[in-house]
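Colleague: Please choose one part of this model and take me through it closely. I'd like to see how the pieces around it fit together, with the numbers.

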Amino acid sequence: MTTQRTRATGPIVEGLIGSLMILLGSFGVGWLVSISSIARWEWVIRLRTEADGVIFSTIVLTLGCWVMFRAWLRLGRHLRGPDNEGPWSQGTLRTVNIATAVWAAPQLLVVPIFSRDVFAYLNQGRLVLAGEDPYTTGVSALENWFHLGTDVAWAQDETPYGPLFLWLEAAVMGASGDNPDLAIFLFRLACVAGVVMIMYWVPKLARLHGVDGARAQWITVANPLLIISFISSAHNDALMVGFALAGIWSAAHSRGVLATLLVVISIGIKPITMVILPFIALLWAGPGSSWGRKFQYWFYTAAIAGAVLLAVGFIQGYGFGWLSVMAGTGTGATFWSPLAIVNGWLSTVLGAFGVPTYWSLDTVRLIGRILSVLVVIYLMFRGPDTRIVRRLMWAFTALVVLSPIIQPWYLLWLLPLFAVTGIRRNWEFKWVAFTVAFFLAFGAADQLSLHQFLELEGQMAALSMTVSWTCIALLALVDPSTRWVVWNRWQLPRLNLRWPWSSKAAEPEPPLSTSQLHAVTGENHTPHRDDDAAPDDDSPRQAPGD
């Protein structure tokens, strides 16, 4: 154990250096409102108003992201042991938790980067305190709303967040008054609480599935994209995910009422986790339940959730306004989403024939929503009882992937579920690493706050992207500590094409029995299966009743 921690010291220190670089760079190109006291610090003014200061800040922030990324990969490699093959040994979970805490600490003080959503929280909190309904009124109805940094693109839109988060927004703004720096820090502390919840529940859910808890923690929480998105950017998704994981754990232990209430809190932060409720009911009903029992527990879950949310809406006076907003949210598209790619192809083809394309994105979005609902319904009714969490995972994935807007932090909704049910060292982990790298590069280049009079927006985006591509090339082609991600152990899935009348394929390895499943719940139990050590096993273990 001591040897492991000694080996991990280098990556932990490296990640801390990267985190400190991000902190420093954020003062020059992070999102900072004009009324912030930080904006009046002399050295910050120098970084933000002079071309050389902006160039320096852009380079330092971008490099810091890649130093953290390299440290993350190195940490995982060192903790696997000298042979890089066997399961992670005892004590590695503690090391991962220490690394996560060390890397995340500087981000508590960072100027918001990668997103400016937290500034919308400020004005929405003011809207609640002013007695307005955020589900019908935009923040532009407030005086001086622009000074608190809300993006003008969303100034007249209704809030997309759940009713419970409105209370949190109001509480933060009531406590902080007109101090935006204090408000952002308080929101960030709330998000840290969400990250701590994720850190607590991920290893437990992983052990229930026979997956190495330390490795799942490393993939999920030590991940630099999660640290930046959930702490640096202060996204409320951290709370949403934390309560959702707690609900899944409780349902797997037949604590259905508690599980439903925890998921309702998650819905109250962001309503997208409504998709989890039907699967919470299936876990609550237990394995081998009859259809009558499943429908009974679906009713129980819906009744509890509906009653709580109805009470919250009545107390607030907003009713179910969040439902109508949720049904209508989503304008535009992110270029990497599958539906945006389809829409781009469709618009090109239609445009070539002179057909108007104004309707194409809305049509593609509608088709995506219908398909995602069908996938969710299918997974509710089809699939083995030993795979309920994985069915939940794919249902949630369908909602995310079949949307024209996929923000980087949306993928962090899914990553814990994939990690606790098993991500192998082959192409599956490579997909995670490549996705994290892509969004680090995009976020560092796309979300730079620059004064317009400098006229450096395009140049700094290009500079950041150049730094990112240079780092990616070095990590993939030169660095012996990270080249393995690109060059080793792809083990792509085999494509088995068979005629319908051909012989039946071999059945996958059967899941654990119920007694074996309950046996792995002990806190000191060493997982019987490590996804790393068994790359040919196609049957991830599930939780009791899962």
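Modeller: One bit of bookkeeping first: a helix here is a DSSP run of H or I with at least four residues, and helices are numbered from the N terminus. Keep in mind that this is a predicted model. With that numbering, the protein has 22 helices and 0 strands. Of its 546 residues, 54% are buried. About 23500 Å² is exposed, with carbon and sulfur atoms supplying 66% of that. Sequence-distant pairs matter for reading what follows: counting contacts between residues at least 6 apart in sequence, 76% join residues at least 24 apart.

The part I'd pick is the second largest pocket, along with what surrounds the helices that line it. The space in that pocket comes to about 940 Å³. It has 28 lining residues, and those nearest its centre are Trp394, Phe418, Trp431, Val432 and Thr435. By class, the lining splits into 20 nonpolar, 4 polar and 4 charged residues. Three helices each give at least two residues to it: H17 (388-401), H18 (411-421) and H19 (427-446). H19 has the largest share, with 9 residues.

Why does this pocket lie between two domains? Its lining takes residues from both domain 1 (1-116 + 182-330 + 405-487) and domain 2 (331-404), so the pocket sits between them.

Now for the link from H17 towards H18. Val400 is in H17. Is it buried or exposed? Val400 counts as buried because its relative accessibility is 3%, and the cut-off for buried is under 20%. Leaving out neighbours within four places in sequence, Val400 is in contact with Ile406, Tyr410, Leu411, Trp413 and Leu414. Take one of those partners: Tyr410 is 10 residues away from Val400 in sequence, with a C-alpha to C-alpha separation of 7.1 Å.

Trp413 comes up again in a closed space. The whole structure has 1 cavity of 30 Å³ or more, and about 50 Å³ of space lies in the largest cavity. Lining the largest cavity are Met240, Val241, Ala244, Leu245, Ile248, Thr273, Ile276, Phe396, Trp413 and Leu417. H10 (237-252) and H18 are the elements that give two or more residues to that lining. H10 has the largest share, with 5 residues. The classes here are 9 nonpolar, 1 polar and no charged residues. As a reminder, H18 is also among the helices that line the second largest pocket.

H10 and H17 also meet a well-covered helix. How many residues of H12 (residues 277-285) are buried? The count is 9 of its 9 residues: Leu277, Pro278, Phe279, Ile280, Ala281, Leu282, Leu283, Trp284 and Ala285. These buried residues pack against H10, H11 (256-269), H13 (291-316), H16 (360-381) and H17. Just after H12 comes Gly286, with a positive phi of about 95°.

Other backbone spots deserve a look if you're going to check torsions. Most residues other than glycine have a negative phi. Ala234, which is not a glycine, has a positive phi of about 55°. Its place is the loop between H9 (224-232) and H10, on the way into the helix with the largest share of the cavity lining. Ala234 counts as buried because its relative accessibility is 1%. Glu455 also has a positive phi, near 55°, and is not a glycine. This residue lies in the loop between H19 and H20 (457-477). With a relative accessible area of 60%, Glu455 is exposed, whereas Ala234 is buried.

One last loop residue, back towards H9. Gln107 sits in the loop between H4 (92-104) and H5 (117-129). Because its relative accessibility is 0%, Gln107 counts as buried. Not counting residues up to four places away in sequence, Gln107 touches Ser19, Ile22, Leu23, Arg188, Ile227, Ile231 and Ser232.

To pull the picture together: the pocket lies between domain 1 and domain 2, H17, H18 and H19 each supply at least two of its lining residues, and the buried residues of H12 pack against H10 and H17, among others.

Definitions and conventions: Residues are numbered from 1 along each chain as its sequence is written. This is a predicted model: local features need pLDDT of at least 70, side-chain atom pairs count only at pLDDT 80 or more; totals for chains, interfaces and linings use all residues. Side-chain values use heavy atoms; hydrogens and water are left out. Buried means under 20% relative accessible area, exposed over 50%, partly exposed in between (1.4 Å probe, protein chains only). Contact means heavy atoms within 4.5 Å. Accessible areas come from the Shrake-Rupley method with a 1.4 Å probe; for residues, only the protein chains shown count as cover. On a 1 Å grid over the protein atoms alone, a cavity is a set of points where a 1.4 Å probe fits but cannot get out, and a pocket is an open set with protein on both sides within 12 Å along at least five of seven lines; lining residues have an atom within 4 Å of a point. Grid points are joined across faces, edges and corners, and a volume is the space filled by probe spheres set on the points. Ala, Val, Leu, Ile, Met, Phe, Trp, Tyr, Cys and Pro count as nonpolar, Asp, Glu, Lys and Arg as charged, and the others, Gly among them, as polar. Domain bounds come from an automatic or database domain assignment.
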